[in-house]
Amino acid sequence: MNTFPIHSKPGVKDVTQATRNEAPVLVSVSQLEVQAKNESDEQIVLVSDISFDVKKGEVLALIGESGSGKTTIALALMGYARHGCRITQGTLNVAGTDVTALSARQLSEFRGSKVAYIAQSAAASFNPAMRLMDQVIEPVLIHHTMKRADAEKKAVELFREMALPSPETIGQRYPHQVSGGQLQRVMAAMALIGDPEVVILDEPTTALDVTTQLEVLKTFRRVVKQRGTTAIYVSHDLAVVAQMADKILVLLKGQIAEYGTTEDLLTRPAASYTRSLLDAARHKPRNSPWKPEDAPVKCLLEVRDLAAGYGPLDADGKPKISILQDINFKLYPGQAIGIIGESGSGKTTLARAIAGMISPSNGYILFNESYLAGEMSARSPDELRRVQFVFQMADTALNPSQTIASILKRPLVFFHGLRGKALDARLKELLDLVRLPHSILHRKPSGLSGGQKQRVNLARALAAEPDLILCDEVTSALDSVVAAAVLDLISELRRELNVSFLFISHDLHAVRSVCDDIIVVKNGQMATQVSRIDYDKTSSSLYYERLKRAVPELRQGWLEEQDGSTEESINAE
């Protein structure tokens, strides 16, 4: 096993010496370096000089901004480097195995038996055409370590351990027939069925709403402790990490910024970058330029008795799949309203109906006291210009084959007819508005970070000079520092441009920090509406109170304090 003097690095605490003899080291990484080739076929370093130890039964968290190297390191522990990347230096000893010395065949046997991986998106990881049971037992059948009957029996035991509903029969369902939180736990069962010595969890709760995340975290925490599992937990959420990890390794631009116990990093951070992560995770409230007492009589947006869904309409004009019913609210010029609720509650459907992407089956949408047509194709160019949409995933919202200049020029030409010098000048003004350098105009989206791409998304919406911007989970895929910067930007845009925002999110902290009112949606209906002055008061809505309690706090021990029956809550999903 390799040891290393990590205490010699600035801002890095030696947490291994005092407890070195308590348990064997199961993961030892020394001087790891991973390189890749850029578009010019030049070698670039993704991570370098990475060293750490993880003892049996410990959980190490890797945190840092997007592109800092978290997943690169996690994948390297399995002897894997993404396309165009390669491990160029260092030793990786995992469960007594020198990973870098394994052949392709040996690596195949090593993965799943010695080390297992739980991905961020369970929905994207499962084959939609195969039953869950067949996919869960596949690793042990491939490695010929169990007979099918024994594997199925063990899978049922794991389903029960994961507090999944109907553990004896859930394996006969297909992926689309279970909720997101349930599917994430099925993936954990698939990872554990081979009894791996090390489990890698790569952002396993990022895509989940807060109540589902709470139950999944409870399950993961219980299983890890009961089994004495050694785990690497990749995350950008410090509050989640505080509940799961014994130690934290903070990454910045592919190098270690700080390494220490969770308690030390949360209470006595040595590195300035760690302090910035903690500041961002505390979700300070932003000052709002909008005051209820100054609201004009005329509202900007009014939603009346709105109902919407998907699929063909029946004889009564109702969609086959009903999502929203009886939604009523008003939004005033310059105001920001947050829409929160669990996955499937109808948040995004509401935004899509307002934007004209789907036509309401009942009710009305008024904009500046004029009725908006349900379908986008029936709206005037000016109505289209005034309501803009910023999508959750910047990667899929921006055309990868177009430059940033081409992407931003399109609304400027379409809505405002700009040409020549006026067009070029406005492009630079838009980049200034969203705090991006002019040099990115000639780049394509693949050359930008996640936060930069989301700012381009905002700039494209602003190019239309809208009155209302619909933001759908715009910070959910971003690390805490970048997400905080986007929230700061939204607050600045409200002050400078008096733009109204409808801010859809499952992150209650983010909504509270930028919004004047919160609309809580449950099963397609409004559960309550809460104004900024009442955010810290107890609500009469038990559902809203449950959402508030489910948001992780930035301190150790919070997860253990959450009461209630986990299994009962999960089975109600």
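How many Å separate the centres of domain 1 and domain 3, taken over C-alpha atoms? The separation is 34 Å. The model discussed here is predicted, so that local features need pLDDT of at least 70 and side-chain atom pairs count only at pLDDT 80 or more, whereas totals for chains, interfaces and linings use all residues. Residues are numbered from 1 along each chain as its sequence is written, and side-chain values use heavy atoms, with hydrogens and water left out.

The domain assignment divides the chain into domain 1 (23-114 + 198-208 + 227-282), domain 2 (122-195) and domain 3 (298-550). These bounds come from an automatic or database domain assignment. Domain 1 and domain 3 touch: eleven residues of domain 1 are in contact with nine residues of domain 3, where contact means heavy atoms within 4.5 Å. Between them the two domains bury about 850 Å², of which 52% is on carbon and sulfur atoms. Buried area is the accessible area (1.4 Å probe) that two parts lose on being put together, summed over both. On the side of domain 1, Ser-66, His-236 and Ala-280 lose the most area to domain 3, and together they account for 48% of what that side buries.

Which kinds of pairing occur across this interface? The rule finds zero salt bridges between domain 1 and domain 3; a salt bridge is a side-chain nitrogen of Lys or Arg within 4 Å of a carboxyl oxygen of Asp or Glu. The count of residue pairs in polar contact, both at pLDDT 80 or more, is also zero. A polar contact is a pair of N or O atoms within 3.5 Å; within protein, one must be able to donate a hydrogen and the other to accept it, and residues adjacent in sequence count only if both atoms are side-chain atoms. Helix H11 (residues 272-281) gives the most to the side of domain 1 that touches domain 3, with three residues. Helices (H or I, at least four residues) and strands (E, at least two) are DSSP runs, numbered from the N terminus. The residues on that side of domain 1 divide into four nonpolar, five polar and two charged. In this division Ala, Val, Leu, Ile, Met, Phe, Trp, Tyr, Cys and Pro count as nonpolar, Asp, Glu, Lys and Arg as charged, and the others, Gly among them, as polar.

Salt bridges do occur elsewhere, for a search of the whole structure finds 31 of them. Side chains of opposite charge can pair when their charged atoms come close. Glu-109 forms one such bridge with Arg-105, the closest N and O atoms being 3.9 Å apart. Because these two residues are four apart in helix H2 (residues 104-110), about one helical turn separates them. Glu-109 is partly exposed at 43% relative accessible area, and Arg-105 is exposed at 65%. Here buried means under 20% relative accessible area, exposed over 50%, and partly exposed in between (1.4 Å probe, protein chains only).

A second bridge joins Glu-215 to Lys-218, again with the closest N and O atoms 3.9 Å apart. The partners are three residues apart in helix H8 (residues 210-227), about one helical turn. Glu-215 is buried at 8% relative accessibility, and Lys-218 is buried at 11%.

Arg-435 and Glu-496 meet in a salt bridge of 3.4 Å, N to O. Arg-435 lies in the loop between helix H16 (420-433) and helix H17 (450-463), and Glu-496 in helix H18 (residues 480-497), so the pair ties together parts that are 61 residues apart in sequence. Arg-435 is partly exposed at 43%, as is Glu-496 at 46%.

Lys-154, Glu-161, Asp-195 and Arg-227 are linked in a network of salt bridges. Asp-195 is found in the loop between helix H7 (180-192) and strand E7 (198-202), and is partly exposed at 44%. Its backbone deserves attention. Most residues other than glycine have a negative phi. Asp-195, although not a glycine, has a positive phi of about 50°. Lys-253 likewise has a positive phi, near 55°; Lys-253 lies in the loop between strand E9 (247-252) and strand E10 (255-261) and is exposed at 69%.

Finally, in helix H20 (residues 542-549), Tyr-543, Tyr-544, Glu-545, Leu-547 and Lys-548 are buried. Their cover includes H8 and strand E13 (336-340).
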